[in-house]
Amino acid sequence: MHLLKHLSCFSALLVFLGGSFAARSAAAHPAWGIVVDPQGRVVFSDVETNTVWRIEKGRPVPILKGKHSHEIYGDAQGNLYGEHLEYRPEGERWLLSLWKLTPEGKEITLLPPTDAVSLPPGLGPLRDRQGNTWAFRNGFQKVNEMSLHRRAPDGRTVAVAGGPPGHADGRGRAARFTAAQGKAFGPDGSLYVTDGGRVRRITPDGTVTTLGGNPLGGISHGRRPHLFGLAVGGRGRVFVADFDHGAVREIGPDGKVRERFRSERFWAATGVATARGALYVLETRPETLTLMGRTGGVARVWKVGADGSRTLLATLEP
């Protein structure tokens with residue numbers, strides 16, 4: 001048995017005992033990256049196979065291999081962005097690199113492998129329409145804070161919100177975050193993030209509010225809550241993957257929370273995306289099945305219509 005430290009990019013540090021890196025880390029802290037490209041094709045990431053997949057004719061097809069990417073993002077031009085996290089036993093270091101994949105399939109390195117402790121603030125895979133990148137600075141970089149930074153294309157960096165870890169609504173340094181993970185922009189330019197068992201909204205001026213209650217919908221979680229990916233749809237609706245309870249929850253513009261999707265037994269939602277009025281859900285298997293000796297698929301993607309109808313688009317086999 002040995003001690004493994006695993007952290008999703010720009011997120012809270014998780015510690016696990018025993019097992020291989022791929023199997024244990026993927027099961028306990030899975031990928032939540034799922035996007036729908038301009039052609040309507042679904043792309044998702046998987047950290048058990050360290051691969052980015054695209055669904056073509058009902059089958060997952062690898063489009064980028066060797067990438068330990070928990071989250072991926074797309075832009076209006078069809079480019080994909082993500083991170084790759086790797087552990088170097090020598091020196092017990094975590095290295096992070098950033099990549100871009102063009103619609104033609106060309107991989108571009110945006111940041112070569114860099115010691116995570118020395119990452120420049122605000123440098124991450126999430127980009128807004130103006131080309132700024134957004135990322136949280138946290139304990140992974142050996143600082144006692146959880147703060148959101150915006151980095152302009154010319155390198156200028158601004159601290160938007162956050163400070164010492166905790167939970168508080170407010171503006172700028174008065175706001176507090178605990179473990180920000182999934183991130184998505186809304187139509188008004190606000191950034192939405194999952195933060196432990198909560199969903200937070202950060203406006204362009206750095207004002208932070210909690211949506212849908214604390215915890216979300218008043219639904220309790222364990223010691224380490226796992227709300228992972230989220231997406232912002234039309235009419236101010238926010239969709240959140242609740243891994244702990246195997247569900248996707250919708251926060252309406254009135255702040256009310258309702259369930260939009262329930263995972264079947266032995267599966268749990270990790271990521272969500274919206275496109276053309278439909279909801280797309282990425283699922284994986286909880287850690288318990290890895291410990292038991294998992295069988296069947298390791299990830300799968302559903303399409304949920306506005307009427308609640310469900311279509312299984314593809315299953316990723318082990």
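**Close-up 1. Contacts of Ala161 in the predicted model**. Beyond its neighbours within four places in sequence, Ala161 is in contact with Ser147, Leu148, Gly172, Ala175, Phe177, Ile202, Gly206 and Val208. Ala161 belongs to strand S14, residues 157-163. Its relative accessibility is 3%, so Ala161 counts as buried. One of its partners is Ile202. The two residues are 41 apart in sequence, yet their C-alpha atoms lie 8.0 Å apart in space.

**Close-up 2. The largest nonpolar core**. This core holds 16 residues. Ile34, Val42, Phe44, Tyr280 and Val301 have the most contacts inside it. Two or more residues come from each of S3, S4, S5 (51-56), S24, S25 (278-284), S26 (299-304) and S27 (310-316). Strand S25 gives the most, with three residues. In soluble globular proteins, nonpolar side chains tend to be buried together.

**Close-up 3. Val42 and its surroundings**. Sequence neighbours within four places are left aside here. Val42 is in contact with Ile34, Val35 and Val36, and with Trp53, Arg54 and Ile55. Further contacts of Val42 are Tyr280, Val301 and Leu313. A second core is separate and has 15 residues, among them Trp134, Val160, Ala161 and Ile202.

**Close-up 4. Asp37 in the loop between S3 and S4**. Strand S4 spans residues 42-46. Asp37 counts as buried because its relative accessibility is 9%, under the 20% cut-off. A polar atom of the Asp37 side chain lies 2.9 Å from the backbone nitrogen of Gln39. A polar atom of that side chain also lies 2.8 Å from the backbone nitrogen of Arg41. Outside its neighbours within four places in sequence, Asp37 is in contact with Arg54 and Arg276.

**Close-up 5. The largest pocket**. Its space comes to about 1300 Å³. The lining has 46 residues. Gly74, Asp75, Arg127, Ala184 and Phe185 lie nearest the centre of the pocket. Strands that give two or more residues to the lining are S3 (34-36), S7 (72-74), S8 (80-88), S11 (126-127), S16 (180-185), S20 (227-232) and S24 (268-275). By class, the lining has 23 nonpolar, 14 polar and nine charged residues.

Definitions and conventions: Residues are numbered from 1 along each chain as its sequence is written. This is a predicted model: local features need pLDDT of at least 70, side-chain atom pairs count only at pLDDT 80 or more; totals for chains, interfaces and linings use all residues. Side-chain values use heavy atoms; hydrogens and water are left out. On a 1 Å grid over the protein atoms alone, a cavity is a set of points where a 1.4 Å probe fits but cannot get out, and a pocket is an open set with protein on both sides within 12 Å along at least five of seven lines; lining residues have an atom within 4 Å of a point. Grid points are joined across faces, edges and corners, and a volume is the space filled by probe spheres set on the points. Helices (H or I, at least four residues) and strands (E, at least two) are DSSP runs, numbered from the N terminus. Ala, Val, Leu, Ile, Met, Phe, Trp, Tyr, Cys and Pro count as nonpolar, Asp, Glu, Lys and Arg as charged, and the others, Gly among them, as polar. Buried means under 20% relative accessible area, exposed over 50%, partly exposed in between (1.4 Å probe, protein chains only). A polar contact is a pair of N or O atoms within 3.5 Å; within protein, one must be able to donate a hydrogen and the other to accept it, and residues adjacent in sequence count only if both atoms are side-chain atoms. Contact means heavy atoms within 4.5 Å. A nonpolar core is a set of buried Ala, Val, Leu, Ile, Met, Phe, Trp, Tyr and Cys residues joined through side-chain atoms within 4.5 Å.
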